[in-house]
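Here are some short exercises to work through with the model open beside you. Try each one yourself before you read the solution.

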There are 2 protein chains.
Amino acid sequence: MSETKGPEATTGESPESRTAELRLEKFLPYRLSVLSNRVSNAIAGAYGAKFGLTLPAWRVMAILGRYPGLSAAELVEQTAMDKVAISRAVSALLKSEYLERKEDQVDRRRQMLYLSESGKGVYNRIVPLAKRYENDLMASLTEEERVQLDVILEKLMSRALEWGMHGLASHED
Amino acid sequence: MSETKGPEATTGESPESRTAELRLEKFLPYRLSVLSNRVSNAIAGAYGAKFGLTLPAWRVMAILGRYPGLSAAELVEQTAMDKVAISRAVSALLKSEYLERKEDQVDRRRQMLYLSESGKGVYNRIVPLAKRYENDLMASLTEEERVQLDVILEKLMSRALEWGMHGLASHED
DNA sequence: CCACACAGGTTACATTTGAAACCAATGTTA
DNA sequence: TAACATTGGTTTCAAATGTAACCTGTGTGG
């Protein structure tokens, strides 16, 4: 079959010999990273060009479009982005008038965030664009595969999440 | 069927009403990005701490471990990283003596790259580490799902690749 | 009421990253 | 063999990102 030519093909060395081997093209973390970058860049390029939005800014809008009135801290939870990224995205969006904020009267540190009218306008135009990209990707899969993918991503995600909490059990060699 | 509560659940507005809606948590590009970042950061952290390698540097080593003698340009093809990233990774690795380079006598612009002895040492210790992470992730999937994932990633990747070439057919609204 | 620890956000600084200009060396055309 | 386009690779500069320090404003213990 289409075995990509590898070192051992010419040396005859077995894959489990003393020498470690890694096929990057089949290495999951690598594949995820490449795929994710390609996809994100393509989409970010599209609305970046049209609306002058950065990817983090767009994410903030995406969340606020569905959950108006969230605070920055809550955005952090929802988006898995960090404090600073959110803060910067928000202040950019305030400057471009896509967002408005209201102080929470009971806790004066807290700022509630909303899409402005023009923000909603942009939101309503980007969402379909974003969906077109996603649909186009998904169109390359069968209905079955789309379901499988959902399940798989969920599992991988929750596994990876656990690393964040207690690292990978190390063999300490 | 486990519809996560969304705005329309409370408003009774239909998903296909005038107002666009996007569920970020289910939006493929977003999920890929979050998963990929978590995974990459976890792993990069691990060997970054132990061997002082950046992620791009590690990728370069990963490739050269299997395909010694490649040039920077060829690394670009293999890794989907760009010229500059490769150039920097390589010069860092030369400085830390994990890499050696030989001028190609027939084309004197071209540099052939090899892992040094100590580079090979590092490589041989990182590969198992990397594999442990991957295995740990994969362990959360059934054997079937692993196969499915492989197929799906391949499809998504080739779709995304086409965007790079002739963009997404735009409706120009 | 006065410390003190803590949560929400922002700012400052250092690093990383990417785009474009750049410097060879090579190939090509005439 | 003189021009010119091309390719391998590096450098430069600006923008994006992450970390840690920092300023509020809130809660809590004494």
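The exercises below go from the chain pair to helix packing and then to the DNA.

This is a predicted model, in which local features need pLDDT of at least 70 and side-chain atom pairs count only at pLDDT 80 or more, while totals for chains, interfaces and linings use all residues. Residues are numbered from 1 along each chain as its sequence is written, chains are lettered from A and ligands numbered from 1 in the order in which they are written, and side-chain values use heavy atoms, with hydrogens and water left out.

**Exercise 1.** Work out what turn and shift lay chain B on chain A.

Solution. Start with the superposition, done by least squares on the C-alpha atoms of residues with pLDDT of at least 70 in both copies. A turn of 180° with a shift of 0.0 Å along the axis lays chain B on chain A, with an RMSD of 0.1 Å. That is therefore the relation of a two-fold axis. Next, look at the surface used: 100% of the contact residues of chain B (contact means heavy atoms within 4.5 Å) recur in chain A, so the same surface serves both copies.

**Exercise 2.** Describe how α3(A) packs against α5(A).

Solution. First, take the axes, which are lines fitted to C-alpha atoms over the stretch in contact, with angles from 0 to 180 degrees between N-to-C directions. Those of α3(A) and α5(A) come within 9 Å and cross at roughly 80°. This makes α3(A) roughly perpendicular to α5(A) (the class for angles of 65 to 115 degrees). Then list the partners: Pro56(A), Ala57(A), Val60(A) and Met61(A) of α3(A) meet Ile86(A), Ala89(A), Val90(A) and Leu93(A) of α5(A).

**Exercise 3.** Find which residues come nearest to DNA strand D, and which side chains make polar contacts with the strand.

Solution. Begin with the surroundings (heavy atoms within 4 Å). There are 17 residues around DNA strand D, and Arg88(A), Arg109(A), Ala73(B), Lys83(B) and Arg109(B) come nearest. Now turn to the polar contacts (pairs of N or O atoms within 3.5 Å). At the bases, a polar side-chain atom of Arg109(A) lies 2.6 Å from a nitrogen, and a side-chain N or O atom of Arg109(B) is 2.4 Å from an oxygen. At the backbone, a side-chain N or O atom of Ser87(B) is 2.9 Å from a phosphate oxygen. Finally, consider the elements: α5(B) gives the most to the surface near DNA strand D, with four residues.

Terms used
Polar contact = N/O pair within 3.5 Å; in protein donor to acceptor, adjacent residues only side chain to side chain. Helix = DSSP H or I, 4+ residues; strand = E, 2+ residues; numbered from the N terminus. Parallel < 35°, antiparallel > 145°, perpendicular 65-115°, else oblique.
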